[in-house]
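Here's a quick tour of one model, from its surface to its core and back out again. Keep the structure open while you read.

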Amino acid sequence: MSNAARTTDDAFQDVLLALFQLHGRVLEAADAMSGGFGLTGARWQVMKVAARQSLTVSQIARRLGLKRQSVQRTVDQLARQRLVELRPNVDHLRAGLVTLSDEGRRILAALESRQQAWLGRCLRGLNRTELERLADSLGSLAGRVEAATAREPAADESRAARSRRRPATGVRRRLVAA
C-alpha cells in the first residue's frame with residue numbers, strides 16, 4: 001500500500017500494533033528482570049503498587065486495570081512467598097490491606113535498581129520532551145478510545161430499548177387492523 005492510499009485508520013492500526021509490540025517487550029523485560037527472584041512481571045507490578053500504599057486486592061486491581069480475581073491469585077502467590085502480608089482493614093473487615101513484608105521491600109529495592117539500569121539502556125538517545133509529547137499523545141488517544149467505547153453500549157442499549165417500546169412494523173399493522 002502506498003503512502004498516498006493510506007488512511008488515518010491505517011495509521012491508527014499501526015499505532016495499535018506498535019503498542020502491542022511495546023507492551024509485549026516490556027512484559028518480557030519485566031519477567032527477565034524479576035525471574036532471578038522467583039517472580040514474574042505481574043507479581044512485581046502488584047508489589048510496586050502495594051509498596052506505594054497499603055490497598056485492598058480490589059483497589060490494586062482497579063489501579064492496574066486488571067480483574068480482581070487475577071490480582072487475588074497474584075497476592076496469594078506473593079503471600080506464600082512471604083513477600084506481602086495482609087493486614088487488618090478497619091474500613092472493611094473482610095478485605096485486608098496488602099502490604100510488603102521486609103523481604104518484599106528488600107527484593108523490590110533490588111528490582112528497582114535493575115530497572116534503573118534497564119531504563120538507562122532503553123532511553124539512551126531520547127530526551128524528556130520527546131517522551132512527554134508521546135505520553136500526551138497516547139493519553140489523548142486513550143481518552144478518545146474510552147469515549148468512543150463508552151458510546152458503543154449506550155447506542156446498542158438505546159436501539160434495543162426503542163425496539164422494545166414499539167412493535168415491529170408488521171406487528172403494528174396487525175394490531176391496528178384488529
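## A greasy patch on the outside

Helix α1 is the top contributor to the nonpolar patch, giving it 4 residues. Bear in mind that this is a predicted model. The patch sits on the surface and is built from V15, L19, L22, V26, L123, L126, L131, L134 and L138, which together show about 660 Å² of accessible area. Two helices, α1 (8-35) and α6 (128-165), put in at least two residues each.

Take V26 as one member of the patch. V26 belongs to helix α1, and its relative accessibility of 35% makes it partly exposed. In soluble globular proteins, nonpolar side chains tend to be buried together.

## Inside the core

Which residues have the most contacts inside the largest nonpolar core? They are L39, M47, I60, V71, V75, L78 and V98, in a core of 24 residues. Two or more core residues come from each of α1, α2 (41-52), α3 (57-64), α4 (68-80), β2 (97-100) and α5 (102-123). Of these, α2 gives the most, with 5 residues.

V71 is a handy spot to look around from. Setting aside neighbours within four places in sequence, V71 touches V46, V57, I60, A61 and L66.

## The two sides of α3

Three of those contacts of V71, namely V57, I60 and A61, are also the buried residues of α3. Looking down the axis of α3, you'd find its buried residues within an arc of 100 degrees, so they line one face of the helix. Their cover includes α2, α4 and β2. Turn to the other side of α3 and you meet R62 and R63, both exposed.

After α3 comes G65, with a positive phi near 70 degrees.

## Two loop residues worth a click

Most residues other than glycine have a negative phi, and most peptide bonds are trans. R82 has a positive phi, near 65 degrees, although R82 isn't a glycine. You'll find R82 in the loop between α4 and β1 (84-87), where it is exposed at 65% relative accessible area.

The loop between β1 and β2 holds A95, which is partly exposed with 22% relative accessibility. How far apart in space are A95 and V57, C-alpha to C-alpha? The distance is 7.5 Å, for two residues 38 apart in sequence. Beyond neighbours within four places in sequence, A95 is in contact with T56 and N89.

## Charged pairs

Side chains of opposite charge can pair when their charged atoms come close. How many salt bridges does the structure hold? There are 5, and one of them joins the side chains of R6 and D14 at 2.1 Å, N to O. Both partners are partly exposed: R6 has 30% relative accessibility and D14 has a relative accessible area of 39%.

Another bridge links R87 to E85, at 2.6 Å from N to O. R87 is partly exposed at 43% relative accessible area, and E85 is partly exposed at 32%. Then there's R105 with D102, at 2.3 Å, N to O. R105 and D102 both sit in helix α5, 3 residues apart, about one turn of the helix. An α-helix has 3.6 residues a turn, so residues three or four places apart point the same way. R105 counts as partly exposed at 43% relative accessibility, whereas D102, at 60%, counts as exposed.

Methods:
Residues numbered from 1 in each chain as written. Predicted model: local features only at pLDDT ≥ 70, side-chain atom pairs only at ≥ 80, totals over all residues. Heavy atoms only, no water. Patch = residues over 30% accessible without salt bridge, like charges linked within 9 Å, V, L, I, M, F, W, Y side chains within 5 Å. Areas by Shrake-Rupley, 256 points an atom, 1.4 Å probe, with all protein chains shown as cover. Salt bridge = Lys/Arg side-chain N within 4 Å of Asp/Glu carboxyl O. Buried < 20%, exposed > 50% of the residue type's maximum accessible area, 1.4 Å probe, protein only. Core = buried A, V, L, I, M, F, W, Y, C linked by side-chain atoms within 4.5 Å. Contact = heavy atoms within 4.5 Å. Arc of directions from axis to C-beta.
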